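Dear colleague,

Please find the structure below, handed over for your review. My notes on the fold and its charged side chains follow.

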Amino acid sequence: MSAAPGTGGTRTGYAVVVPTLVRDTLADCLAALAAATGPAPDEIVLVDDRPGPDAGSGALEHALTVLGDLRERTVVLRSGGRGPAAARNTGIRAVTSPWTAFLDDDVQVGPHWCDQLIQDLAEAAPDTGAVQGVIAVPLPGERRPTDWERGTAGLAQARWITADMAYRTDVLKRVAGFDERFTRAFREDADLALRVLDAGWRIRRGRRTTRHPVRPAARWVSLKQQRGNADDALMRRLHGPDWWAKAVAPRGRIRRHAAITAAGAAALVLAAAGRPRAAALAGAGWAAGTAEFAWARIAPGPRTRHEVTTMLVTSALIPPAATWHRLSGLWRHRSAPAWGEATAA
């Protein structure tokens, strides 16, 4: 326990770890943290995960200026572009406080976040290993959200996401931190939480609120997101075929995507083999599956020409992309032992 500045009482000490690629959002993230009322973090560990030793420092130094008095409590480390899991592990190794609060560099903590975090941690029972923050995603009020905006809004209901998540530091070290085979910002948080729960700790939701704006994204971002199917394959190896139920995660459409991809491939093969009727039947299956997927994404959206065109094109490309990444992930992680087996070895 450490004394709270300006008070005669005690409080639970905490550090804040922020992995970053030094995006434009970082300055807003740090400014919100500096402005939040309540006991300040004992230490802030900013982990620069840009690859290469020659990553520019100007943008980072500019972002650090918004910290004000907190700048003297801040250290900057480098993690070499190995992904957010490795970046957070780099931060964990530098933390000396009993609690480690993770923030993503594209969030903005609420105005009373420090006070609320201290309350969340003070109310944590001895068997509570982590306390999750409440994520709020602002959406446009004048129109329906786009597919990308709806996907970001799903973070408000997601379990254990490290956009705002506080863990006991010793618990993180007992379970060896994040699994660095998760090289994207996807599933690494669920994997860690499942290992913490399996070790006998509880995870509860706190009261503090953090804002997660919808960041700008490229038109074809949904295709890039399909790389996460390889991470799902690793989750299956580590936590079993029912991992998604344990993680309270949506099961997704991978089975439908595989069926649509198989139908499309069969249509091409049958057509090349001179079997037009069979090819037409397989092609109809591909078209029906693709149309259903496209409409499921178009119907709840704004239905502008740009959005509809994007959904039509990506709905045809996503099933084979998702299937490819899932198969590549199954192959790449075919020898990964289950979590229980790995700890027993």
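A residue is called buried under 20% relative accessible area, exposed over 50%, and partly exposed in between, using a 1.4 Å probe and protein chains only. By that rule, buried residues make up 48% of the 345 residues in the chain.

Please note that this is a predicted model, in which local features need pLDDT of at least 70, side-chain atom pairs count only at pLDDT 80 or more, and totals for chains, interfaces and linings use all residues. Residues are numbered from 1 along each chain as its sequence is written, and side-chain values use heavy atoms, with hydrogens and water left out.

Contacts (heavy atoms within 4.5 Å) are dominated by distant pairs: of those with a separation of 6 or more, 81% join residues 24 or more positions apart.

Turning to charge, there are 25 salt bridges, each defined as a side-chain nitrogen of Lys or Arg within 4 Å of a carboxyl oxygen of Asp or Glu. One of them joins Arg 207 to Glu 123, at 2.7 Å from N to O. These two residues are 84 residues apart and link distant parts of the chain. Arg 207 counts as partly exposed at 48% relative accessibility, as does Glu 123 with 37%.

A second salt bridge pairs Lys 246 with Asp 242 at 3.7 Å, N to O. Lys 246 is partly exposed, with a relative accessible area of 43%. Elsewhere, Arg 23, Asp 105, Asp 106 and Arg 215 form one network through salt bridges that share partners.

Yours faithfully

Note on methods
Helix = DSSP H or I, 4+ residues; strand = E, 2+ residues; numbered from the N terminus.
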